[in-house]
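Here is a short note for someone opening this model for the first time. Please read the points with the structure in view.

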Amino acid sequence: TIDSNMLHVLWGRLACEILVLDWSSASIAVEAVKTALESIELPPLQLLQQKTWLLHWALFVYWNDKHGLERLLDLFEKYKICITTNAPHLVRYWTAAVLICKRKLALKSNNNDRKLLKNLVSVIQDCEYTDPIVEFVESLCIKFDFDSAQTKLAECENVLVSDFFLCHQTEPFMEEARVFVFENYCRIHNK
């Protein structure tokens with residue numbers, strides 16, 4: 001069984017792997033901490049804090065790992081309650097990851113990308129956090145306001161360039177966002 005000392009060791013290992021920039025080992029360390037959090041007995045508030053910390057540390061790992069965004073999306077789905085209650089600012093990264101991975105996931109499975117987008121829209125509606133990236137998806141998927149979406153997309157570029165995790169993803173995000181606008185426009189006007 002996992003006790004609090006072992007949990008501290010796992011957190012230490014994760015921190016070390018991040019510091020040496022070994023993203024594949026860090027990914028394994030994230031999974032180890034996640035598994036430990038699922039099996040350890042902690043008070044609910046402390047467990048919420050630990051899961052919230054894991055979400056934050058996972059940003060370092062999964063935005064740098066080649067296959068990390070899909071794992072990050074899985075983690076966001078699993079800890080959706082932590083995001084909505086304790087870390088709504090992570091909705092920005094969830095939104096960016098969904099948009100960047102959307103077409104790649106659509107090629108693997110027809111329903112997975114729709115499910116991810118549907119869950120994201122649900123979180124956006126429940127959460128009071130806003131920024132241009134989140135507002136872009138809100139404009140397209142909730143309000144169906146294409147003019148507002150275009151305005152928000154222009155603002156997204158400034159946000160992406162200045163964000164520590166997203167600055168290297170500006171070009172893929174902008175490309176996928178433009179495709180997303182086009183897909184939604186065609187889908188709505190087709191009916």
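1. Terms first. Helices are DSSP runs (H or I, at least four residues), numbered from the N terminus. The expected span of a helix is 1.5 Å times one less than its number of residues. This is a predicted model: local features need pLDDT of at least 70, side-chain atom pairs count only at pLDDT 80 or more, and totals for chains, interfaces and linings use all residues. Residues are numbered from 1 along each chain, and side-chain values use heavy atoms, without hydrogens or water.

2. Helix 10 covers residues 170-190. Its 21 residues should span 30 Å at 1.5 Å a residue, and the end C-alpha atoms are 30 Å apart, which agrees.

3. Which residues of helix 10 are buried (under 20% relative accessible area, 1.4 Å probe, protein chains only)? They are Thr170, Phe173, Met174, Glu176, Ala177, Phe180, Val181 and Asn184. They lie on the same side of helix 10, because their arc around the axis (from directions to the C-beta atoms) is only 165°. On the other side, Glu171, Phe182 and Asn190 are exposed (over 50%).

4. The largest nonpolar core (buried Ala, Val, Leu, Ile, Met, Phe, Trp, Tyr and Cys joined through side-chain atoms within 4.5 Å) has 67 residues. Leu14, Leu54, Trp63, Phe136 and Phe173 touch the most other members. Helix 6 (residues 91-108) gives the most to this core, nine residues.

5. Phe136 also meets helix 10. Beyond neighbours within four places in sequence, its contacts (heavy atoms within 4.5 Å) include Ala177, Phe180 and Val181.

6. The count of disulfides (cysteine sulfur pairs within 2.5 Å) is zero. For Cys101, the nearest cysteine sulfur, in Cys141, is 16 Å away.

Note on methods
Helix = DSSP H or I, 4+ residues; strand = E, 2+ residues; numbered from the N terminus.
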